[in-house]
Amino acid sequence: KKAAIKATYDENIGDLAEVLPFEKIFDSRYLNQTYKLATAQKEIVDKIDTVKTDLETIDSLDSKYKLNAKDVYIKTLDLSKALAENKRLADLEEKLEADKRRKAEEEAERKRQEEIRKQKEAEEQAKREAKIKTRFLQSMSHDMRTPLNGIAGMLHIADQNPKDLELQKITRNKIHQSLNYLISLVNDVLDMNDLESDHFTEEEVDFDITKLLGNMNIDAQQLAQEKNIQYVLDWYEGQLSHSNFRGYPIYLSRILMIVVQNAVKFTPENGEIHVWMNEKCLDDSTSLLEFRCKDNGIGMSQDFIQHAFDLFAQEDSSSRSTYQGTGLGLSIAKKLVEHMHGNIQLESEKGIGTTVSIQIPFKLGKPIENKNNRNQQISLEGLCVLVAEDNDLNMEIVEYMLERNGIRVVCAKDGKEVI
């Protein structure tokens with residue numbers, strides 16, 4: 001047994017024999033120490049085996065990825081650079097994100113401010129439109145009621161005095177004046193409504209400016225003569241190199257007539273109105289035509305000039321009673337001038353008079369062919385006309401006018417009856 005135990009001792013205790021000699025292992029005093037040493041030895045052996053296994057794994061990795069000190073340093077340096085670059089890129093990305101957030105916030109704030117601005121403009125526009133609407137209703141109620149009452153009054157006077165031919169003539173003339181004013185009023189309102197919605201119906205055509213001004217001046221002179229106003233054509237003030245232009249002659253005639261009518265309206269009897277025009281060549285195909293109208297009428301204050309082109313603008317509330325008009329003339333003229341890419345300006349002094357200047361560019365046009373048969377008399381007698389009209393009063397007027405010229409009239413109330 002001792003021999004067997006000795007062999008086991010040598011195998012398991014080994015190098016610990018000096019600590020615990022073989023002779024002492026049977027001594028009861030050393031049994032506990034013997035057990036502890038054996039257990040510690042086994043744990044050490046197990047740990048050494050584990051370490052050997054790890055070392056073998058490390059050796060295999062070293063052989064596969066063998067690096068010397070220089071390679072390790074270089075790779076470490078590259079890694080440091082890569083980490084620094086990554087940090088720089090990360091910082092840059094963070095900055096870009098911050099800039100992006102800032103720009104997004106600024107854009108959101110800009111849109112918010114834009115919405116606020118648009119909302120304020122819409123509110124102001126709504127207020128202006130409400131004021132214009134109120135002023136329109138007030139103006140129209142007065143301007144339409146006055147001539148209508150005048151017409152009713154004149155008809156009553158005429159009915160009460162059927163045998164007084166002179167009075168009948170006077171009442172008819174006053175009725176015509178009131179009717180002409182009503183027609184002008186309605187036309188101005190309808191025209192302004194079209195212009196406010198940018199509804200321009202005329203097309204560009206070739207026209208002769210000398211003929212247009214000639215016809216316009218004839219009408220203007222008649223208006224001036226009715227108030228004993230001297231209407232003067234100051235041709236020497238300007239020059240005209242061309243007579244044929246291309247543009248909107250109807251709009252131009254309307255603008256000039258509005259200006260001249262205002263001059264006649266606000267110039268007292270025995271006053272003067274001077275008109276002239278001038279042409280400035282802009283290039284080989286375009287000229288700037290300048291028109292001026294100067295009167296010595298009642299004039300305008302400097303404060304009112306800034307609002308003279310507003311709808312229903314009249315400087316003095318008494319002007320509506322003293323001078324018939326809607327206050328739409330200059331508004332219409334300004335809209336038409338701007339449509340033709342021109343401008344209109346006012347110079348005025350209270351009690352001295354007003355000068356209106358208009359500049360409009362026109363393309364040079366082609367000569368207008370003269371039609372020799374324009375003034376020939378054409379007989380309509382014996383013709384038959386089919387008239388479709390759903391208003392009995394209008395039908396009666398048209399029928400009378402046609403039959404007076406020897407035309408046979410067939411009346412129909414609607415399109416179905418026409419067919």
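# A guided look at a predicted protein chain

The protein chain exposes about 29,800 Å², an area worked out with the Shrake-Rupley method and a 1.4 Å probe, where for residues only the protein chains shown count as cover. Carbon and sulfur atoms supply 53% of that exposed area. This is a predicted model: local features need pLDDT of at least 70, side-chain atom pairs count only at pLDDT 80 or more, and totals for chains, interfaces and linings use all residues. Residues are numbered from 1 along each chain as its sequence is written, while side-chain values use heavy atoms and leave out hydrogens and water.

**The overall picture**

- The protein chain has eleven helices and nine strands; these are DSSP runs numbered from the N terminus, with helices being H or I of at least four residues and strands being E of at least two.
- Of the 419 residues in the protein chain, 26% are buried (buried is under 20% relative accessible area, exposed is over 50%, and partly exposed is in between, with a 1.4 Å probe and protein chains only).
- Looking at contacts (heavy atoms within 4.5 Å) with a separation of 6 or more, 67% are between residues 24 or more positions apart.

**Salt bridges**

- Side chains of opposite charge can pair when their charged atoms come close.
- The structure holds nine salt bridges, each being a side-chain nitrogen of Lys or Arg within 4 Å of a carboxyl oxygen of Asp or Glu.
- One of them joins E109 and R112, with the closest N and O atoms 2.8 Å apart.
- E109 and R112 are separated by about one helical turn, because they sit three residues apart in helix α3 (residues 69-160).
- E109 is partly exposed at 34% relative accessibility, and R112 is partly exposed at 42%.
- Another salt bridge pairs R246 with D206, whose closest N and O atoms are 3.3 Å apart.
- This pair links distant parts of the chain, since R246 is in strand β3 (residues 244-247) and D206 is in strand β1 (residues 205-208), 40 residues apart.
- R246 counts as partly exposed at 35% relative accessibility, and D206 is partly exposed at 25%.
- K280 and E290 also meet through their side chains in a salt bridge, at 3.7 Å from N to O.
- Here strand β4 (residues 272-281) holds K280 and strand β5 (residues 286-295) holds E290, ten residues apart, and the pair links distant parts of the chain.
- D99, R102 and E106 are joined into one network by salt bridges that share partners.

**A negative patch**

- On the surface, D390, D392, E396, D414 and E417 gather in a patch of negative charge.
- Patches are made of residues with over 30% relative accessible area and no salt bridge, and like charges are joined within 9 Å.
- Asp and Glu count as negative, and the place of the charge is taken as CG of Asp or CD of Glu.
- D392, found in helix α10 (residues 392-404), counts as exposed at 58% relative accessibility.

**Around helix α9**

- Helix α9 (residues 329-339) has these buried residues: G329, L330, S331, I332, A333, L336 and V337.
- They pack against α4 (165-196), α6 (249-265), β6 (343-349) and β7 (353-364).
- Just after α9 comes H341, with a positive phi of about 65°.

**D219 and M257**

- D219 lies in helix α5 (residues 209-226) and is partly exposed at 39% relative accessibility.
- From C-alpha to C-alpha, D219 and M257 are 8.6 Å apart in space, with their positions 38 residues apart in sequence as the separation.

Technical notes: Patch = residues over 30% accessible without salt bridge, like charges linked within 9 Å, V, L, I, M, F, W, Y side chains within 5 Å.
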